[in-house]
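Q: Could you walk me through one part of this model up close, starting with the charges and rings and then following the packing outwards? Plain language is fine, but please spell out the cut-offs.

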Amino acid sequence: MSTDAVKRLRAYAGLGARILGTRLGSTRPFKLTLMLTDRCDCRCEGCRIWEQPKGRELTPAEIGDVLAKAPSLRWVNLTGGEPFLRNDMVEVVRAVRASLPNLAVVDFPTTGQRTDVILRDVAAMTALGIPKLVVTCSLEGPPLLHDKLRGREGAFERMIATYAGLRAMEGVDVYFGMTLSEANADQVDATLAAVQAHVPDVGWGDVHFNVYTESGHYYRNEDATLRAPTELEAVIERALRVRAGSWHPTDVIEAAYLRLLPEFLRTGRSPLPCKALRAGVFVNAQGDVHPCTVYGRLLGNVLETPLYDILDGAEAVQAREVVARDECPGCWSPCEANPTIVATAPESLTRRPR
């Protein structure tokens, strides 16, 4: 076994240990969702981040300092806005890697509009020794629908070029991320056909599906006209079929998410006891700490107070109790659902919708 393979196994084992710690009651999160910027190069109907006033952004040095004081973190999701509108993305990821020597996973979404920049930067990131580096290209539908929902002409073509370039790159896992709403839930087959015209061997297993989510402090989309779909049985059945029998961790988590999605669509509540502020936490581009991307309660700011001190503070303790009582806004967003799924396994992997 190669040295790199041994390092990866150790990193994954460390993540597993932190997940077990959450099951045993730890309030030190293993996952951080870190918003890098409010800027975006699309004008999506279902997300209003691009409309928000732009403030300062945490620098790579500040990010490194914050994370170095939170060694429980093993999984860092870097999000936006569009992360690659920052001209220091490689420095950001380098700071994340350097500050968390036991890091296992770094993942981030992209609109895929800055193809040359994205491919250049991700190629540099693959040399940083991150055990698992994952990029998700946002996909809304066939070209015309994708461009409409993204609010930018030619967005589909640029995104596909980015996806194809990333897929040819070693050292990175690349997927599509499709947020299902009433506007596109019936267009999955047409969407995949359009993608296959450019990348023929793409299939259902290459798409991570999630459902349209409202958030007052993150997406700022509470007044948007889009709505979550009410019926997704056919899509879920097809997506589960291609993952049947797979023991790849990504497929296992995705299958659990999809199986429980109908229950969320019916009830509006997380089908599992949410582990926000236990498994994960959200920090915005200015350093404000919230329980997650949907529950907007402000807990503190990492530029003023170390993350662990914030998580031990009275606001966080009360917010954690609110989540435990299932009195938070409620969601089934992958940002929160996926760490909850792994933190409640194996029960979450066999649970069926009620």
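A: Start with Lys31: its charged end sits over the ring of Trp75, 4.8 Å from the ring centre. "Over" has a strict sense here: NZ of Lys or CZ of Arg must be within 6 Å of the ring centre and within 35 degrees of the ring normal. Arg28 does a similar thing with Tyr308, its charged end sitting over that ring at 4.1 Å from the centre.

Before going further, keep in mind that this is a predicted model, where local features need pLDDT of at least 70, side-chain atom pairs count only at pLDDT 80 or more, and totals for chains, interfaces and linings use all residues. Residues are numbered from 1 along each chain as its sequence is written, and side-chain values use heavy atoms, with hydrogens and water left out.

Now for helix α12 (residues 334–343). Helices and strands here are DSSP runs (H or I, at least four residues, for helices; E, at least two, for strands), numbered from the N terminus. Helix α12 is mostly covered, with 9 of its 10 residues buried. Buried means under 20% relative accessible area, exposed means over 50%, and partly exposed is in between (1.4 Å probe, protein chains only). Among the buried residues of α12 are Cys335, Glu336, Asn338 and Pro339. The cover over them includes α1 (3–23), β1, β2, α9 and α13 (347–350).

Take α9 (residues 249–267) from that list: its axis and the axis of α12 come within 10 Å and cross at roughly 110°. Axes are lines fitted to C-alpha atoms, for helices over the stretch in contact, and angles run from 0 to 180 degrees between N-to-C directions. That angle makes α9 roughly perpendicular to α12; the bins are under 35 degrees for roughly parallel, over 145 for roughly antiparallel, 65 to 115 for roughly perpendicular, and oblique for the rest. The crossing of the two is right-handed, meaning the near helix is turned clockwise from the far one by less than a right angle (anticlockwise would be left-handed). On the α9 side, the contact is made by Ile253, Ala256 and Tyr257, and on the α12 side by Pro334, Ala337, Asn338, Ile341 and Val342. Contact means heavy atoms within 4.5 Å.

After α12 comes an unusual bond: the peptide from Ala345 to Pro346 is cis, with omega near 5°. Pro346 is in the loop between α12 and α13. Another cis peptide bond joins Gly80 and Gly81, with omega of about 20°, and Gly81 lies in the loop between β2 and α3.

That loop also holds Phe84, which pairs with Phe108 of strand β3 (residues 105–110), 24 residues apart. Rings of Phe, Tyr and Trp (its six-membered ring) pair if their centres lie within 6.5 Å; planes under 30 degrees apart are stacked, over 60 edge-to-face, and the rest tilted. The centres of Phe84 and Phe108 are 5.5 Å apart and the planes at 70°, so this pair is edge-to-face. Both phenylalanines are buried.

Tyr218 and Tyr219 make a tilted pair, 4.5 Å centre to centre with 40° between the planes. Together with Phe282 they form one aromatic cluster. Tyr218 is buried, at 5% relative accessible area.

Next along is Arg220, in the loop between β6 (207–211) and α8 (233–243). Its phi is near 55°, a positive value in a residue other than glycine, and at 32% relative accessible area it is partly exposed. Arg220 is in turn one of the contacts of Arg48, alongside Tyr219, Asn221 and Ala224, leaving aside the neighbours of Arg48 within four places in sequence. Arg48, in the loop between β1 (31–35) and α2 (60–68), counts as buried at 18% relative accessibility.

Back towards α9, one more backbone oddity: Leu277 has a positive phi of about 70° although it is not a glycine. Leu277 lies in the loop between α9 and β7 (280–283) and is buried, with a relative accessible area of 0%.
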